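Here's a friendly walk through one protein chain, looking at who sits where and who touches whom. Have a look at the structure first, then read on.

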Amino acid sequence: IKSMYMIGAYGTPEVRGKLIEIMPKLKNAALRFMAGQLIDYFSPKGDPAMAQKLQAIVDEAEMKKDQQMMAANAPFKTVIYRLGARAQ
């Protein structure tokens, strides 16, 4: 969790792609939450493409009916809406 905070403190918007890339490896709900928050933080003007990638992660967990991952992905829905709304 501390490393996610450090990414927020010292990272740049380019880190968003890396966070999406490692998302399947992040099984801990707190880490997934922090990754979503960092994507949101580093996207002040929105990013429909990033929103689409997050939506794909949410859809995959729902398709597999994986309750643990669905719960871990719950905060992504807010981030998805923000990324889309800011881009308009």
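## Starting with R82

Let's begin with R82, which counts as partly exposed because its relative accessibility is 39%. Keep in mind that we're looking at a predicted model. So what does the side chain of R82 meet in a salt bridge? The partner is D40, with 2.7 Å from N to O. This pair ties together distant parts of the chain, since D40 belongs to helix 3 and R82 to helix 6, 42 residues apart.

Is D40 buried or exposed? At 5% relative accessibility, D40 counts as buried, because the cut-off for that label is under 20%.

## D40 has another partner

D40 doesn't stop at R82. The side chain of D40 also meets the side chain of R86 in a salt bridge, this time at 2.8 Å from N to O. Once again distant parts of the chain are linked: D40 is in helix 3, R86 is in helix 6, and 46 residues separate them. R86 is partly exposed, with a relative accessible area of 33%.

Put these pieces together and you get a network of salt bridges linking D40, R82 and R86. For context, the structure holds 6 salt bridges.

## How helix 3 and helix 6 line up

Now zoom out to the two helices themselves. Helix 3 covers residues 29-41, and helix 6 covers residues 76-87. They pack at an angle of about 10°, and their axes are 10 Å apart. That angle makes helix 3 roughly parallel to helix 6, because angles under 35 degrees get that label.

Which residues meet where these helices pack? From helix 3 come R32, G36, Q37, I39 and D40, and from helix 6 come F76, V79, R82, L83 and R86. You'll recognise D40, R82 and R86 from the salt bridge network.

## R32, a buried charge

R32 is another member of helix 3, and it's a curious one. R32 is buried, yet it has no salt bridge. How far away is the nearest side chain of opposite charge? That side chain belongs to E60, and it is 7.7 Å away. A salt bridge needs a nitrogen and a carboxyl oxygen within 4 Å.

R32 does have a polar contact, though: its side chain and the side chain of N73 are joined at 2.7 Å. Leaving out residues up to four places away in sequence, R32 touches M23, L26, K27, I57, M69, A72, N73 and F76. So N73 turns up both as a polar partner and in the list of neighbours, because contact here means heavy atoms within 4.5 Å.

## Helix 4: E60, K64 and A61

What does E60 pair with? The side chain of E60 meets the side chain of K64 in a salt bridge, at 3.0 Å from N to O. Unlike the pairs that link distant parts of the chain, E60 and K64 both lie in helix 4 (residues 48-64), 4 residues apart, about one turn of the helix. E60 counts as partly exposed at 39% relative accessibility, while K64 is exposed, with a relative accessible area of 56%.

A61 lies in helix 4 too, but this residue counts as buried at 7% relative accessibility. Beyond the residues up to four places away in sequence, A61 touches D66, M69, M70 and N73. M69 and N73 are also among the residues that R32 touches. If you'd like to check a distance, the C-alpha atoms of A61 and A35 are separated by 17 Å, with their positions 26 residues apart along the chain.

## Two loop residues

Finally, let's visit the loops. D47 lies in the loop between helix 3 and helix 4, and it is buried, with a relative accessible area of 15%. A polar atom of the D47 side chain lies 3.2 Å from the backbone nitrogen of A49. Not counting residues up to four places away in sequence, D47 touches R16, L83 and A87.

N28 sits in the loop between helix 2 (15-22) and helix 3. Is N28 partly exposed or buried? It is partly exposed, with a relative accessible area of 41%. The N28 side chain reaches the backbone nitrogen of A30 at 2.7 Å. As for R16, 12 residues from N28 along the chain, the C-alpha atoms of the two are separated by 18 Å.

Methods. Residues numbered from 1 in each chain as written. Predicted model: local features only at pLDDT ≥ 70, side-chain atom pairs only at ≥ 80, totals over all residues. Heavy atoms only, no water. Buried < 20%, exposed > 50% of the residue type's maximum accessible area, 1.4 Å probe, protein only. Lys, Arg positive; Asp, Glu negative; His and termini not counted. Polar contact = N/O pair within 3.5 Å; in protein donor to acceptor, adjacent residues only side chain to side chain. Axes fitted to C-alpha atoms, helices over the stretch in contact; angles between N-to-C directions. Parallel < 35°, antiparallel > 145°, perpendicular 65-115°, else oblique.
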